[in-house]
Amino acid sequence: MFSNRTNETPTTWLIFAVILIAGIALRLHNLDRYSIFFDERSTMVISQGVVLEGANQKEVFSTLKVTNSNFWETPKFSLRPPRVLRSFTYNENYYPRAFTPAEFWAPKTIEDYYEANNRSDIGNSPFYYLLLHFWMEVFGISDFSARSLSVFFSVLIIGLTYLFGRRFFSVNTGLIASAIVAIEPFFIGYSQQARSYSLMFFLTLLATYLFLQIIENEANKRQNTGLYIGYIVTAGLSILSHFLSIAVLLGHALYALLFLRTIKGWVKMAISAVLALSGVAWWMIFGGGTYTLYTLSYQAELYKRMAETRPDNNPFGHILPATIGNVFTKSLPLFSDLIIFTNGLTDALAGKKNVFVSIFIGVLLIIWYRFSNRMKLNVGLKTAIPFILALSGAAFYSNHKLQFIILSISIFALSFIPDVHRQADSVQKKRLWMIYIMALFPTSFLIIMSFKNGHTYGLMQRYSGFAFPYMIILLSLLLQYYNSIKIEFRTLIFIGLACQLYFVSLRLGEFYEDRSPKYGYFSTPRAPNPYYEAAQKIKKLYQKGDTILYPASRYEILSEMDRTFLPYSIQDAQVTNLYLPKDAQYVQVMDTTQTTHILLKKAGNPEPVVIKKLKGLRYGLE
């Protein structure tokens, strides 16, 4: 477990290859079966320098002329909004103009990309959008190619987890941890989204991998130049992949405070931190993140107002005031789902009496394990007692009996973490403290921010998901430790884990069926991408003289960032054009008489052809 062996055998590489193949297969399965949703639509257009709803495509969709070419009307950087976003007022004399895919795909300037990122994702994740842009330049624009970038980094997480476990603990630790990462529903779920999360998880894990080596090399006075450079680049890019990566760097600072003992080392790390933050500082002052601080402040106030006045009936979902009870209820699943033993249990278990009995039995199992050697009982009875205790609760549970039994066993299984720590030598104990900090600090950071902002909206697993690899490494150490305990206790734990893996597999099955609000956001399965289907049908049916008509749904402005120049949404037209040839001359226009259909009006035929009915298919809008 703590042998720190790095001499892999052919069998090691064979096992690792099987883990990688399984991980790849699980991530590619049904990758583009279901339609992109709102956030993914934003991803697709931002990566192409297009603002969702067309704030930088005014002359494509309308006759409106705007001579001001600057995104901002006043100086850029400020915590308050003295500057004003360029906005447009609807004019009754305005009328839609016909446009073509070639006009939609007109070359974009760097200011277009900045504006797209600012308006459609508050200036967040610029490095991800840059990578995705060039990724789709190589592999084409499709749901599969957009999501496959996340698959790529998710697979890299499997490999990096193995390297992390092997480098700091043992080969077996690396293999077990990478196997858990390969099958973890959280990683699989976010590998199938065209969003920045998989990239963020990979870069933050890589930054920690380099950081821990730096700290240990400083203690041993070894050369660290290459590691420092790697850390600066990786940590900097992680923040440019998602701003919440800053929580990981704060975790690194906490660890350095505890274990970095040299003035020279502190100076080097301080310089590294400044250099790592220089990229995001430039982005916030001069790049596409100039509006971010104001938007974050505005959102915090808006969500707090929604939590206090409309917790259930608002456009953003279920938002509660940040009371101790509400924060505890929302954050408990974030901690429990980090652990494969307890993954999903908070969603399934109900009843205070049931929970109390299950916890009580878990405590009894711990007590029995610690003191059973002092009891003079028949060997067979002593062997049976752990199973009797675990099963006894079934007589009291009023629902989900097996899962409450699993909870009792999980409490017992996790009680061995202090034993793992005691067994470690001084070097390994320091490494374990790194694991503890990185496993718990990200979620703790979200809790602190929740109380600061006054609402629970940010308490979401994806925002603290970079904690998963560290908890998984700790669990892999635990699984190895169980080999040292008595067989009846070991058997009980592994039976409980096997039952839990069955329920985890059910959740994974729900995800593949698109019935998993937890990992896929939807309880009713989506249809395949209607915009892609519409684009393929248009390419097949369109002839010169035809006109494509797009529905003009009412456009709800939720914030100043959403304000554009139109009284209705043009998303349907924008997303469909993503899948049309970039040089096509198809004549297209917004149809202000209807809100549900993409139509093809054939020359000389008064009755249009229905390309696609969209009502009910605009995922994330309705």
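Let me start with a single residue, Thr-329, which has its place in helix H15, the helix that covers residues 324–336. Before I go on, I should say that what we are looking at is a predicted model. Thr-329 counts as exposed, because its relative accessibility is 53% and the cut-off for exposed is over 50%. If you look from Thr-329 to Phe-489, you will find that they are 160 residues apart in sequence, and that their C-alpha atoms are 31 Å apart in space.

Now let me step back to the protein chain as a whole. The chain contains 25 helices and four strands, and its C-alpha atoms fill a box of roughly 95 × 60 × 55 Å along the principal axes. How does the radius of gyration compare with that of a compact globule? For 622 residues a compact globule would have a radius of gyration near 25 Å, and the protein chain, with 27 Å, agrees with that. Of the 622 residues, 56% are buried. If we take the contacts between residues at least 6 apart in sequence, 78% of them join residues that are at least 24 apart.

With that in mind, I would like to go through three helix pairs, beginning with H1 and H7. Helix H1, residues 10–28, and helix H7, residues 143–168, have axes that come within 10 Å and cross at roughly 155 degrees. That angle makes H1 roughly antiparallel to H7, since angles over 145 degrees are counted that way. The crossing of these two helices, H1 and H7, is right-handed. On the H1 side the residues that meet H7 include Trp-13, Phe-16, Ile-19 and Leu-20, and on the H7 side they include Phe-144, Val-151, Val-155 and Tyr-162. Sorted by class, the contact of H1 with H7 has 11 nonpolar residues, four polar ones and one charged one.

The second pair is H11, residues 225–241, with H13, residues 263–285, whose axes come within 9 Å and cross at roughly 35 degrees. Here, too, the crossing, that of H11 and H13, is right-handed. Among the residues making this contact are Tyr-228, Tyr-231 and Ile-232 of H11, together with Lys-268, Met-269, Leu-275 and Trp-283 of H13. The contact of H11 with H13 has 12 nonpolar, four polar and one charged residues.

The third pair is H8, residues 171–183, and H22, residues 468–481, which pack at an angle of about 120 degrees with their axes 8 Å apart. H8 and H22 are therefore oblique to each other, and H8 passes H22 in a right-handed crossing. The contact includes Asn-172, Thr-173 and Ile-176 of H8, and Ile-472, Ile-473 and Gln-480 of H22. By class, the contact of H8 with H22 divides into eight nonpolar residues, four polar and no charged.

I would like to finish with one more residue, Glu-216, which sits in helix H10, residues 197–219. Is Glu-216 buried or exposed? Its relative accessibility is 13%, so Glu-216 counts as buried, the cut-off for buried being under 20%. As for its surroundings, if we leave aside neighbours within four places in sequence, Glu-216 is in contact with Arg-167, Phe-168, Val-427 and Arg-431. Arg-167 and Phe-168 fall within the range of H7, residues 143–168, and so the last residue on my list takes us back to a helix from the first pair.

Definitions and conventions
Residues numbered from 1 in each chain as written. Predicted model: local features only at pLDDT ≥ 70, side-chain atom pairs only at ≥ 80, totals over all residues. Heavy atoms only, no water. Axes fitted to C-alpha atoms, helices over the stretch in contact; angles between N-to-C directions. Parallel < 35°, antiparallel > 145°, perpendicular 65-115°, else oblique. Left-handed = near helix turned anticlockwise from the far one by under 90°. Contact = heavy atoms within 4.5 Å. Nonpolar A, V, L, I, M, F, W, Y, C, P; charged D, E, K, R; others polar. Rg over C-alpha atoms; globule rule 2.2 N^0.38 Å. Buried < 20%, exposed > 50% of the residue type's maximum accessible area, 1.4 Å probe, protein only.
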